[in-house]
Protein chains: 2
Amino acid sequence: MSMVTLKDIAKVAGVSYATVSRALSGSSEIGEDTRKRILKLCEEMGYTPNAVARSMVMKRTNILGLIVASLDNPFMSELTTNIEIYARRCGYNLMVCNSSYDVDLEKEVFTLLVGRQVDGIILLPISSESYESLKSLTAQVPTVFISENLQDLPEDYVAVDNRQGMRIATEYLYSLGHRKILYFGCRSHSVTHRLRLDGYRQACESLGIEADVLYSPFSRSSHEAGYQLADEYFSGEHAHTAMLCATDSLAIGVMRAAFEHNISIPDQLSLMGFDNISFAALPPINLTSIDQPKQQMATAAVDLLLDRIAKPEAGHTSVIVPPSLVERRSAKQLSE
Amino acid sequence: MSMVTLKDIAKVAGVSYATVSRALSGSSEIGEDTRKRILKLCEEMGYTPNAVARSMVMKRTNILGLIVASLDNPFMSELTTNIEIYARRCGYNLMVCNSSYDVDLEKEVFTLLVGRQVDGIILLPISSESYESLKSLTAQVPTVFISENLQDLPEDYVAVDNRQGMRIATEYLYSLGHRKILYFGCRSHSVTHRLRLDGYRQACESLGIEADVLYSPFSRSSHEAGYQLADEYFSGEHAHTAMLCATDSLAIGVMRAAFEHNISIPDQLSLMGFDNISFAALPPINLTSIDQPKQQMATAAVDLLLDRIAKPEAGHTSVIVPPSLVERRSAKQLSE
DNA sequence: AAGAATTACGAAAACGTTTCCGTAATCCTA
DNA sequence: TAGGATTACGGAAACGTTTTCGTAATTCTT
């Protein structure tokens, strides 16, 4: 169980620590024959370098921290997967912490990760409040925020162009013949939600149709929230031919309500979501949505973070990635 | 950016390193007044203990490694979430690696984690092959397998009682009046799949009904596989009143095929899955399934691992957790 | 009040690496 | 072949902790 160390190798090979280290690091300051001899010995003795000791002297761990509200959330887990894979390719391992949608916990695990000496932290923040809450900490260690648009705040972040996404969605529904499009949002304080609503309004204006908005009283967008909101809506008068939801989760709740009210999607009502979470692609759901390019966001976040680690004092950067339409079967041409 | 260390504190306080260390660790070998003075100083100077240095001398990192085929898989991400939260409560952080369903990569990240000096590794293996492939490595570091039944192999593992689960499922469908129940499986080599099929067969036998099995040619159980298999099945003669799928993913594929063949679920056909992944609960899916208690499995795995870390030489243990039925709306009473 | 026990602290080693500096031995150059 | 440059290696410090051991100073015994 106890590991064989570099010292052990040195002892057996009859050389100094330095020489073994050089053999392993591919330094040029070593003879070709001794290198081979040492490498062979390492192989035979089953030597694995101790990354902790290495970190100690190098003053860097090659570990990145990731704080995520909940890996259960498919959007976040997709991002996480891509981040981990890309980070590893860049030579970094990932230490993951759930913040469980708790701002205090988010703060707690942040300092935990700092104590772990991670080289940088990627944050999938709970909401814009996270920034406020963490403001004093992000100076301690390179940090990039992901998925939440921080606008002009002095931070590095990557986000999708939410406004543009909703513009695309609205225009798409318009192109299908829809003129009465209802926007389903939620009363969240997040900038993301504000921008999405913005995009919808702007598109309506430039298309010359009326903007009509319904808010969920819940601040967290879930399918329960969508269900309740839609149930109420369907119970009253409803003249809209299409519904545009702020998130896929909301849309899935709408689907249930529609089913219970015997409203067929897409025959009687076209429905769209936003995020393109993996759920959306499932055959029984088949939700037309606006995709956030998760892989692109993941690599951008890692790149941004590694840049920041390399140049801690550089100016702050943000990457805005383009959304795209994913056509499925929840929205269709308005038949007259 | 550069951190304040224990040495800095000692210098300012005019005491030795040892005293500062004692103040922080809550040792009794220190005066109450000096302790308070030092703690206050640490607070003021913004001291954060360096976990790496600590690991170096303690010869333990308090880090657990987690190797998972893909966090995109909702079953695995649910497990991961629970593992992380519980591990953290036990004082451990989690280093997560995707094996991307690649046995070689699984092996590679395993050694990577060993080099990272993780105290133990939790493995959500790709298949039973993983055990073979990793056999030589699991001796190097405490390891527990999760979700795959390793039977009598010399390893620690936690798994659900797959056989019992399928028995419950079969009996449930029987209790709803179904006598012609088709089992949809996939030609995987995993023990899990064999045990599930076993459970179905046993239940059929003891209930005195005929067992009828259809295999997907694909070894990975996906909804695409389920769709293709079911599409073919529905195209031919199909006299069964209920279908029991080896996994929820397969069942979701069946749903799509059923829809396309104008077969209403559950009115014309009752459908069940296994795993109770989060998808299953979504309103448009609403799949009756057999639940694997993910939280219980997560905590059991962590507990098992911590036990193993504490007693590396103890005998191997396995924990088999009980499955349970989750009634939703994809299966119903057979109306005559 | 003298010896023993206890308390509170300092000195220093140790953990497994990397790297700086020094230095023999070999090489090249004129 | 003498001199300097280069090569190949060893010694030792350093990274930030924890912990063992030693020892003054204090407290407790009788």
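**Notebook: A:N276 and DNA strand D**

I looked up A:N276 and found its place in the loop between strand 9 (270–272) and strand 10 (289–291) of chain A, strands being DSSP runs of E of at least two residues and helices runs of H or I of at least four, both numbered from the N terminus. I note that this is a predicted model, in which local features need pLDDT of at least 70, side-chain atom pairs count only at pLDDT 80 or more, and totals for chains, interfaces and linings use all residues. Residues are numbered from 1 along each chain as its sequence is written, chains are lettered from A and ligands numbered from 1 in the order in which they are written, and side-chain values use heavy atoms, with hydrogens and water left out.

I checked the burial of A:N276 and recorded a relative accessible area of 11%, which is buried (under 20%, against over 50% for exposed and partly exposed in between; 1.4 Å probe, protein chains only). The side chains of A:N276 and A:D291 are joined by a polar contact of 2.9 Å (a pair of N or O atoms within 3.5 Å; within protein, one must be able to donate a hydrogen and the other to accept it, and residues adjacent in sequence count only if both atoms are side-chain atoms).

I then turned to DNA strand D, where 29 residues lie around the strand and A:T19, A:G31, A:T34, B:L6 and B:S21 come nearest (near: a heavy atom within 4 Å). Sugar and phosphate make up 67% of the strand D atoms that come within 4 Å of the protein. I found a polar side-chain atom of A:T19 at 2.2 Å from a phosphate oxygen of strand D, and a polar backbone atom of A:V57 at 3.3 Å from a base oxygen.
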